[in-house]
Amino acid sequence: MENLRYFVIEYKNYLEDYLLKGGNDDVLFEAYQKLLNLLDESSAQAANLLDIHNRVLKDVLNIRQDNDVVQWIYIKRATEFLAQILIATDALLLSLKEEVERDVLTGLYNRLAINGILSKLWSDGHMTDTPLTVAMLDLDNFKEVNDRYGHVIGDELLKKVSYVIKKSLREEDVAIRYGGEEFVIILPKTDSSGAKIPLERIRKRIEDETFTDAGIKTTVSIGVSVYPDDRPLNMEELIKYADAALYEAKTRGKNRIHFYKQLDG
């Protein structure tokens with residue numbers, strides 16, 4: 001609360017300075033440096049900034065008893081100032097969002113990012129009538145690695161596996177650390193036959209690789225669901241079907257890929 005009060009005071013000072021100095025860019029630059037450091041994510045929202053701006057502008061204009069023409073010039077400059085600050089805070093919010101939605105250990109997206117990413121791709125798939133594949137990938141026997149080598153080595157293994165996954169995908173594909181040793185891979189505009197290629201590449205590379213200085217060998221199980229083939233009603237079902245297919249891959253001996261459509265077979 002104290003930080004917000006200080007932000008309002010500083011915003012008023014910079015806005016008044018900008019108005020009276022004819023839209024000086026130096027004032028804007030200084031405002032960027034000072035004001036953004038005072039913001040947290042909640043107060044940086046556009047609606048909050050707009051409310052602060054309107055209250056402060058009214059206060060500033062009431063102080064100065066100029067004619068209507070001069071007042072209009074001030075309002076135009078104030079609008080420019082607000083627009084620039086909103087652009088800067090928008091960039092700030094995007095960077096904050098990116099930090100929040102990234103897994104610290106692996107650098108991949110984390111579970112917080114999945115709804116935003118998948119909902120857009122799900123919508124795009126419906127609008128363009130293109131397929132969408134979701135795969136759930138789980139490291140086999142990962143608990144044994146942690147029990148035998150410790151969590152430091154376990155974390156190193158997760159980082160290396162994440163690197164293999166990322167390097168095996170196209171730029172438009174998305175890899176997410178879903179939790180623990182489980183990952184979600186989203187393949188836009190990809191049907192079941194197209195999905196087999198990168199997923200098998202990932203499975204084989206991990207099987208063939210020797211990880212960490214401890215010389216660890218590991219494998220992965222992968223469950224796959226595909227829109228529209230599996231007829232999911234929503235993106236939650238798409239994930240649910242991939243998870244069911246993953247469970248089947250584990251049940252059938254691990255180190256394999258299993259498609260949801262095969263569950264009835």
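This passage describes strand β2, helix α6 and a set of salt bridges in a predicted model.

Strand β2 spans residues 132-139 and is mostly covered, with eight of its eight residues buried. In a regular strand the side chains alternate between the two faces of the sheet. In β2 both faces are covered. Leu-132, Val-134, Met-136 and Asp-138 are buried on one side, while Thr-133, Ala-135, Leu-137 and Leu-139 are buried on the other.

Two strands pair with β2. Strand β4, which comprises residues 182-188, is joined to β2 by seven bridges, and the two strands run antiparallel. Within this pairing, Asp-138 has Glu-182 of β4 as its bridge partner. Strand β5, formed by residues 220-227, also pairs with β2 in the antiparallel sense, here over eight bridges. The bridge partner of Leu-139 in β5 is Val-220. Asp-138 also takes part in a network of salt bridges, in which it is linked with Asp-140 and Lys-250. Asp-138 is thus a residue of the covered strand as well as a member of this charged network.

Helix α6 covers residues 142-149, and its buried residues are Phe-142, Val-145 and Asn-146. Viewed down the axis of α6, these buried residues fall within an arc of 95 degrees, and they therefore line one face of the helix. The other side of α6 carries the exposed residues Lys-143, Glu-144, Asp-147 and Arg-148. The buried residues of the helix pack against β2 and α7. Just after α6, Gly-150 adopts a positive phi of about 95 degrees.

Helix α7 consists of residues 151-167 and contains both Lys-160 and Glu-156. These two residues are four positions apart, about one turn of the helix. They form a salt bridge in which the closest N and O atoms are 3.8 Å apart. Lys-160 is partly exposed, because its relative accessible area of 39% lies between the limits of 20% for buried and 50% for exposed residues. Glu-156 is likewise partly exposed, with a relative accessible area of 26%.

Side chains of opposite charge can pair when their charged atoms come close. A search of the whole structure finds 13 salt bridges, including the one between Lys-160 and Glu-156 in α7. Another joins the side chains of Glu-172 and Arg-170, with an N to O distance of 3.6 Å. Glu-172 counts as partly exposed at 46% relative accessibility, and Arg-170 counts as partly exposed at 36%.

A further salt bridge is found in helix α8, which extends over residues 192-208 and includes both Asp-208 and Lys-204. The side chains of these two residues meet with an N to O distance of 2.8 Å. As with the pair in α7, which lies four residues apart, Asp-208 and Lys-204 are four residues apart, about one turn of the helix. Asp-208 is partly exposed at 46% relative accessibility, and Lys-204 is partly exposed with a relative accessible area of 38%.

Definitions and conventions: Residues are numbered from 1 along each chain as its sequence is written. This is a predicted model: local features need pLDDT of at least 70, side-chain atom pairs count only at pLDDT 80 or more; totals for chains, interfaces and linings use all residues. Side-chain values use heavy atoms; hydrogens and water are left out. A salt bridge is a side-chain nitrogen of Lys or Arg within 4 Å of a carboxyl oxygen of Asp or Glu. Buried means under 20% relative accessible area, exposed over 50%, partly exposed in between (1.4 Å probe, protein chains only). Two strands pair if DSSP finds at least two bridges between them. The arc is that of the directions from the helix axis to the C-beta atoms. Contact means heavy atoms within 4.5 Å.
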